[in-house]
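This report goes through a single protein model, from individual helices and strands to selected residues. Please read it alongside the sequence and the structure shown here.

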Amino acid sequence: MDPTHHRVANHVGSAPVRPPVRPIGGGAVIGVARHLRLEVHRRSALLCLNKVAGKVFRIGHLGNLKELQLLGCLSDVEMVLKDVGYPNFRQLFLIPTTGTGAWESALTNTLSPGDRIVSFLIGQFSLLWIDQQQRLGFDVDVVESDWGHGADLAALERKLRNDTHRTIKAVAIVHNETATGVTNDLAAVRRLLDAYAHPALLLVDGVSSICALDFRMDEWGVDVALTGSQKALSMPTGMGIVCASPKALEASKTARSVRVFFDWKDYLKFYEMGTYWPYTPSIQLLYGLRTALDLIFEEGLDNVFKRHNRLGTATRFAVEAWGLKNCCQKEECFSDTVTAVVVPPYIDSAEIVKHAWKRYNLSLGLGLNKVAGKVFRIGHLGNLNELQLLGCLSGVEMVLKDVGYPVKLGSGVAAAAAYLSNYTPLIPSRI
Ligand SMILES: Cc1ncc(COP(=O)(O)O)c(C=O)c1O
């Protein structure tokens, strides 16, 4: 049990009763602060999409601004990153931002206004990235698929074939669309680019995939890979992790997009000077990252991928046992980090999410935009184990029953548990 949990909980419990605070001016901030206090108090909530590992949460509070410690921490982080999946990574930028900022860093450092980007639209997060691309002034060639389907690679092939003048400067793709639970085939994208010897940069959003799903930056010729701290790394939100290939770094020398906060040039200058950041970094998150990577390292990255595959498969067995459908339409695109579950038309999926939170302290994901009201999402990524997943699935069953869906309690859990009991390996350190 996390000791901070007790301390904070006791403090909250024994606080004198105050009259309600009247919102004057900063009412929204006060409202948010109150909400946060409640969240801290109920930290035991089962959060499956942004689950902070207990150890990372504690370590993240140890950081201070001693330069030597900071530099030691960074070189350790780089070393561990090399070991866990970026063996030949050339340049890493650890930016105080979120996934959205990491997107902007990738685009503005490698491209110039008016540059043509082929961008796949398959769900809300790819839509938001496309919106950012358009607002930054790029010429975005959108390739849309029905939500629940993966990127339309046949369309990409046609565009590459016709692009004799090499007007496509980049292909932008979300590896794992968190809104629909669809994983795209990056190896196939690389094969197409190679088949046409096309020099376009490959920019990949790995926010809900990197450190959870197999990701091969070098083999797949990814030029910029990016993620955010709050997903598979199970850290608090606030760090954007951007990794650039030599080709992307080269492109950054001539890219004319306006950038200040995200300018790689400033980072590189400060790296060379040995002070690393052009501004104050988030020390807490660096320590958190170090710890998160230690956890991954301890488990072994391959085992992390296998665990996610087990959790994803078990969830899909549960969904099937409930008689519900996966929003993802093709088995080869099923996501091992998030499952979007389609509800019958007579149920509003937002009610499921609201009810799960209010009654069972369980955090599910809403259906977003085109699939709002139609799907709810079960996150199974990061610091989550088999038993926690079963707890989450049993919560979902109770909610389904509460909202009037004829579910047999225990049916999904039994299907998932049957699978997990066959495939969960012994914990290596306990053999
Ligand atoms: C695939 C994907 N990309 C980008 C984002 C945006 O990241 P952030 O909310 O950290 O800005 C998210 C957020 O969930 C995501 O799932």
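Helix α14 covers residues 386-402, which is 17 residues. From its first C-alpha to its last, helix α14 reaches 24 Å, close to the 24 Å expected at 1.5 Å a residue. The model is a predicted one. The buried residues of α14 are Leu389, Cys392, Leu393, Gly395, Val396, Glu397, Val399 and Leu400. After α14 comes glycine 404, with a positive phi near 95 degrees.

For the protein as a whole, there are 15 helices and 14 strands. Of the 431 residues in the protein, 43% are buried. When contacts between residues at least 6 apart in sequence are taken, 73% of them join residues at least 24 apart.

**The sheet**

Seven strands form an open sheet with mixed pairing, in the order β2-β10-β9-β8-β5-β3-β4. Its edge strands, β2 (91-96) and β4 (139-144), each pair on one side only. On average, and ignoring direction, neighbouring strands of this sheet are turned by 20 degrees against each other. Helix α7 (residues 153-162) packs on the sheet and touches β3 (116-121), β4 and β5 (168-174). The direction of helix α7 makes about 140 degrees with that of β4.

Which residues of β10 point one way from the strand, and which the other? Met239, Ile241 and Cys243 point one way, whereas Gly240, Val242 and Ala244 point the other way. In a regular strand, side chains alternate between the two faces of the sheet. In β10 (residues 239-244), six of the six residues are buried, and the strand is described as mostly covered.

Strand β10 has pairing partners in β2 and β9. The pairing of β2 with β10 is antiparallel and runs over six bridges; here proline 96 has methionine 239 in β10 as its bridge partner. The pairing of β9 with β10 is also antiparallel, over five bridges, and valine 224 has alanine 244 in β10 as its bridge partner. Strand β8 (residues 201-205) pairs with strand β9 (residues 224-228) in the parallel sense, over three bridges. Aspartate 205 stands opposite leucine 226 in β9.

**The ligand shell**

Around the ligand are Thr98, Gly99, Thr100, Phe125, Val174, Thr178, Asp205, Val207, Ser208, Gly228 and Thr237. This shell divides into three nonpolar residues, seven polar ones and one charged one. Aspartate 205, named above for its place opposite leucine 226, is one of the residues around the ligand.

**Leucine 213 and valine 342**

Leucine 213 is in the loop between β8 and β9. Is leucine 213 buried or exposed? Leucine 213 counts as buried because 22 C-beta neighbours lie inside 10 Å, and the cut-off for buried is 20 or more. Leaving out residues up to four places away in sequence, leucine 213 touches Asn176, Thr183, Phe305, His308, Asp336 and Thr337. Asparagine 309 is 96 residues from leucine 213 in sequence, yet the two are 8.2 Å apart in space, C-alpha to C-alpha.

Valine 342 belongs to strand β12 (residues 338-342). Valine 342 is partly exposed because it has 18 other C-beta atoms within 10 Å, a count between the limits of 12 or fewer for exposed and 20 or more for buried. Apart from neighbours within four places in sequence, the contacts of valine 342 are Leu324, Lys325, Cys327, Lys374 and Val375. Valine 319 is 23 residues from valine 342 along the chain, and their C-alpha atoms are separated by 9.3 Å.

**Positive phi outside glycine**

Most residues other than glycine have a negative phi. Two residues with a positive value are set out below.

| Residue | Phi | Loop | Other C-beta atoms within 10 Å |
|---|---|---|---|
| Arginine 166 | near 55 degrees | between α7 and β5 | 13 |
| Asparagine 361 | about 60 degrees | between α13 (349-360) and β13 (362-363) | 13 |

Arginine 166 is partly exposed, and asparagine 361 is partly exposed too. Neither arginine 166 nor asparagine 361 is a glycine. The loop that holds arginine 166 starts from α7, the helix that packs on the sheet.

Key
Residues numbered from 1 in each chain as written. Predicted model: local features only at pLDDT ≥ 70, side-chain atom pairs only at ≥ 80, totals over all residues. Helix = DSSP H or I, 4+ residues; strand = E, 2+ residues; numbered from the N terminus. Expected span 1.5 Å × (residues − 1). Near = placed C-beta within 6 Å. Nonpolar A, V, L, I, M, F, W, Y, C, P; charged D, E, K, R; others polar. Pairing = 2+ DSSP bridges. Axes fitted to C-alpha atoms, helices over the stretch in contact; angles between N-to-C directions. Contact = placed C-beta atoms within 7 Å.
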